[in-house]
Amino acid sequence: MGSILHWHPMAEKGRQLLADAGYDTKVSDARIVIDHLEVAKKLGSPILRCVAGNLFVRDEGHDMTAAADDAVAILREACRAAEDMGMKIAMENHADFTVRELASIHSR
């Protein structure tokens with residue numbers, strides 16, 4: 001699906017694909033993830049792959065603590081939906097978060 005964070009360029013293609021399929025994309029980031037979960041389930045996939053950012057996010061001056069907090073808030077809601085659907089969310093690390101930051105996101 002690309003990025004779970006709406007402000008990241010990797011989020012745009014996924015939102016556009018949803019819009020092209022008739023989904024409302026003027027919704028919360030968590031709702032976008034849930035919509036992608038629904039599409040993945042229809043396609044027979046037991047997982048949804050996503051990212052938060054890429055290796056440039058930190059260098060571009062983004063607040064990584066805020067990005068991690070946003071990721072946690074989005075994933076809390078989306079993971080509940082994934083569990084209800086019998087699915088999993090796989091979040092790749094694209095060198096945006098340190099190992100400690102990513103572990104913190106997952107533990108929260």
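**Exercise 1. A residue early in the chain**

In which segment is the place of S3? Find it, then work out whether S3 is buried or exposed, and list what it touches.

*Solution.* Keep in mind that this is a predicted model.

- Step 1: Begin with the location. S3 sits in the segment before α1, the helix that covers 12–20.
- Step 2: Turn to accessibility. Buried means under 20% relative accessible area. The relative accessibility of S3 is 3%, so S3 counts as buried.
- Step 3: Look for its partners. Leaving out residues up to four places away in sequence, S3 touches H8, M10, A11, V51, A52 and G53.
- Step 4: Take one of these partners, A52, and compare sequence with space. S3 and A52 are 49 residues apart along the chain, yet their C-alpha atoms are separated by 4.7 Å.

**Exercise 2. The whole chain**

Describe the protein chain by its elements, its order along the sequence and its overall dimensions.

*Solution.*

- Step 1: Count the elements. There are 5 helices and 2 strands in the protein chain.
- Step 2: Put them in order. Reading along the sequence gives α-α-β-α-α-β-α.
- Step 3: Check the compactness. The radius of gyration is 13 Å, close to the 13 Å from the globule rule for 108 residues, so the protein chain is as compact as a globular protein of that length.
- Step 4: Add the box. Along the principal axes, the C-alpha atoms fill roughly 35 × 25 × 20 Å.
- Step 5: Look at burial and surface. Of the 108 residues, 41% are buried. The accessible surface is about 6200 Å², and 55% of it belongs to carbon and sulfur atoms.
- Step 6: Finish with contacts. Among those between residues at least 6 apart in sequence, 70% join residues at least 24 apart.

**Exercise 3. Two residues in helices**

For D35 and M64, name the helix, decide on buried or exposed, and find the contacts.

*Solution.*

- Step 1: Place D35. It is found in helix α2, residues 29–42.
- Step 2: Judge D35. Its relative accessibility of 5% is under the 20% limit, so D35 counts as buried.
- Step 3: List its contacts. Not counting residues up to four places away in sequence, D35 touches L18, Y23 and D24.
- Step 4: Now place M64, which lies in helix α4. With 6% relative accessibility, M64 counts as buried.
- Step 5: Setting aside neighbours within four places in sequence, M64 is in contact with V57, R58, D96, F97 and E101.
- Step 6: Try one distance. M64 and R31 are 33 residues apart along the chain, and 22 Å separates their C-alpha atoms.

**Exercise 4. The largest pocket**

Which elements give two or more residues to the lining of the largest pocket, and what classes of residue are found there?

*Solution.*

- Step 1: Start with the volume of the largest pocket, about 220 Å³.
- Step 2: Identify the elements. Those giving two or more lining residues are α4 (64–85), β2 (88–92) and α5 (99–107).
- Step 3: Find the main contributor. The largest share, 6 residues, comes from α4.
- Step 4: Pick out some lining residues, including V72, C79, M91 and H106.
- Step 5: Sort by class. The lining has 8 nonpolar, 1 polar and 3 charged residues.

**Exercise 5. A backbone angle**

Where does A95 lie, and what is its phi?

*Solution.*

- Step 1: A95 lies in the loop between β2 and α5.
- Step 2: Its phi is positive, about 65°, although A95 is not a glycine.
- Step 3: For comparison, most residues other than glycine have a negative phi.

How values were computed:
Residues are numbered from 1 along each chain as its sequence is written. This is a predicted model: local features need pLDDT of at least 70, side-chain atom pairs count only at pLDDT 80 or more; totals for chains, interfaces and linings use all residues. Side-chain values use heavy atoms; hydrogens and water are left out. On a 1 Å grid over the protein atoms alone, a cavity is a set of points where a 1.4 Å probe fits but cannot get out, and a pocket is an open set with protein on both sides within 12 Å along at least five of seven lines; lining residues have an atom within 4 Å of a point. Grid points are joined across faces, edges and corners, and a volume is the space filled by probe spheres set on the points. Helices (H or I, at least four residues) and strands (E, at least two) are DSSP runs, numbered from the N terminus. Ala, Val, Leu, Ile, Met, Phe, Trp, Tyr, Cys and Pro count as nonpolar, Asp, Glu, Lys and Arg as charged, and the others, Gly among them, as polar. The radius of gyration is taken over C-alpha atoms; the globule rule is 2.2 Å times the number of residues to the power 0.38. Buried means under 20% relative accessible area, exposed over 50%, partly exposed in between (1.4 Å probe, protein chains only). Contact means heavy atoms within 4.5 Å. Accessible areas come from the Shrake-Rupley method with a 1.4 Å probe; for residues, only the protein chains shown count as cover.
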